[in-house]
Amino acid sequence: MVSSIQSIALAALLLVSSANAFSPTRTRNAASPSTTTSSSSTSLNGVRSTVARVRDSIMAKERSREDLKIGIAGFYDRSSQLWEDVWGEHMHHGYYVPNDRTDHVQAQIDLIDEVLKWSGVPEPAADGSNASILPKKCVDVGCGIGGSSRHIARKYGCTSNGITLSPYQAGRGNELAIEQGVADLCNFQVADALDQPFEDESFDLIWSLESGEHMPDKEKFVNELFRVATPGGRIIIVTWCHRDLEVGESSLNSKEEKLLAKINRAYYLPRWCSVDDYVNLLKSQGAVDIRREDWSYIIAPFWKAVIKSSLNVKSVLGLAKSGFSTQRGAYAMLLMLRGFDKGLIKFGLITCSKPEAIVKKAVQAE
Ligand code: SAH
């Protein structure tokens with residue numbers, strides 16, 4: 001549990017910074033949209049839409065798909081620089097084994113490696129003897145600023161195409177690829193995971209790390225992951241899920257729904273689903289070698305570390321300047337902690353492979 005002192009400090013920080021709550025935001029990258037209005041009618045509209053947003057926020061109202069898409073892009077445009085300044089290039093949980101480790105960035109890198117290992121992707125042999133069975137083409141669906149892509153590209157010597165809704169993230173991902181000398185392997189672009197700009201059967205490694213929770217249509221999301229995978233390709237989804245429903249339950253209880261609704265407003269998330277739901281969607285695609293696991297206990301120390309890290313001067317100043325949605329995101333960390341503690345939120349791993357065409361045909365012919 002996060003200590004009450006930390007909660008109070010965070011709450012104080014949010015209050016102090018609320019003076020900035022509705023100010024226009026600035027970003028480092030020229031590719032990022034930044035809007036200012038001049039005429040009185042547009043500023044009146046601005047006030048109206050702010051009032052509507054605040055009202056919807058208080059009511060924890062579910063966003064429409066289009067609002068969600070615009071909101072996700074804006075949220076990551078505004079918050080990615082602060083995250084990178086404080087936490088670096090990986091925008092996901094860490095692997096906390098042992099659970100008292102404090103090397104947080106390494107814990108994030110280890111999470112990528114451990115997920116790959118768990119999914120059965122071979123480790124590159126030191127003498128290069130297994131190069132032929134290593135991934136050649138990866139797609140990083142919901143890539144952030146590309147931390148996973150660059151790591152995977154360096155690890156396997158493969159290419160990685162990252163897609164994100166945030167223009168800032170795509171631009172920053174490409175900048176970092178140049179800085180890190182992997183621009184020939186990695187490319188980042190703005191594109192929708194639900195309508196990917198790739199041919200069928202383009203990638204042998206499909207990687208989605210903590211982006212599935214943003215997808216308003218999980219079926220379409222899974223269909224797209226499946227479509228762009230080569231026969232025999234490996235699909236890996238690591239995502240926040242709600243607990244599986246018990247036999248006889250048809251939904252979560254209303255307290256659980258309310259907690260998730262508040263988190264959804266803060267992090268621009270649609271309705272959640274369970275790991276069971278993902279497994280069923282993959283089965284319906286004909287996926288083989290489906291495996292699942294709950295790593296909630298492995299990532300548990302992460303949110304406490306994030307909250308602690310946000311209580312230093314640099315983060316406090318950054319958060320104060322960052323605008324309302326980032327500040328609300330900071331507050332929602334406490335709600336995430338509560339969700340994990342109650343067993344409502346699960347850190348789910350799901351992997352499968354797309355069957356070889358020949359196997360699929362044989363099954364159909366039976
Ligand atoms: N996988 C990255 C980033 C996780 S943050 C990392 O671990 O570092 C979630 C990411 O999902 C953001 O980059 C966001 O833009 C992206 N995302 C959310 N919805 C998306 C969609 N419909 N299409 C593409 N990317 C999406």
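This is a short dialogue on the ligand site and the cysteines of a predicted model.

Reader: Happy to start with the ligand. How many residues surround the ligand, and which are the closest?

Author: Begin with the shell, then look at who lines it. Here the ligand is surrounded by 20 residues, with Gly 142, Thr 164, Gln 169, Ala 193 and Leu 209 the closest. Sorted by character, the shell has ten nonpolar, eight polar and two charged residues.

Reader: Which helix and which strand each supply at least two residues of that shell?

Author: Helix H3, spanning 65-87, and strand S2, spanning 159-164, each do so.

Reader: Now the polar contacts. Which atoms of the ligand pair with Thr 164, Leu 165 and Leu 209?

Author: A polar contact is read from a pair of N or O atoms within 3.5 Å. In this model, a ligand oxygen is 2.8 Å from an N or O atom in the side chain of Thr 164. Another entry on the list involves the backbone: an N or O atom there in Leu 165 is 3.2 Å from an oxygen of the ligand. For Leu 209, a polar backbone atom sits 2.8 Å from a ligand nitrogen. As for cover, the ligand on its own has 570 Å² of accessible area, and the protein covers 98% of that.

Reader: Great, and the cysteines? How many disulfides does the structure hold?

Author: The test is whether two cysteine sulfur atoms lie within 2.5 Å. The structure holds zero disulfides. For Cys 138, the nearest cysteine sulfur belongs to Cys 158, 5.5 Å away. Cys 186 also has Cys 158 as its nearest, at 7.8 Å.

Reader: Is Cys 138 buried or exposed, and what about Cys 186?

Author: Buried means under 20% relative accessible area. Cys 138 has 0% relative accessibility, so it counts as buried. Cys 186, at 5%, counts as buried too.

Technical notes:
Residues numbered from 1 in each chain as written. Predicted model: local features only at pLDDT ≥ 70, side-chain atom pairs only at ≥ 80, totals over all residues. Heavy atoms only, no water. Near = heavy atom within 4 Å. Polar contact = N/O pair within 3.5 Å; in protein donor to acceptor, adjacent residues only side chain to side chain. Areas by Shrake-Rupley, 256 points an atom, 1.4 Å probe, with all protein chains shown as cover. Helix = DSSP H or I, 4+ residues; strand = E, 2+ residues; numbered from the N terminus. Nonpolar A, V, L, I, M, F, W, Y, C, P; charged D, E, K, R; others polar. Buried < 20%, exposed > 50% of the residue type's maximum accessible area, 1.4 Å probe, protein only.
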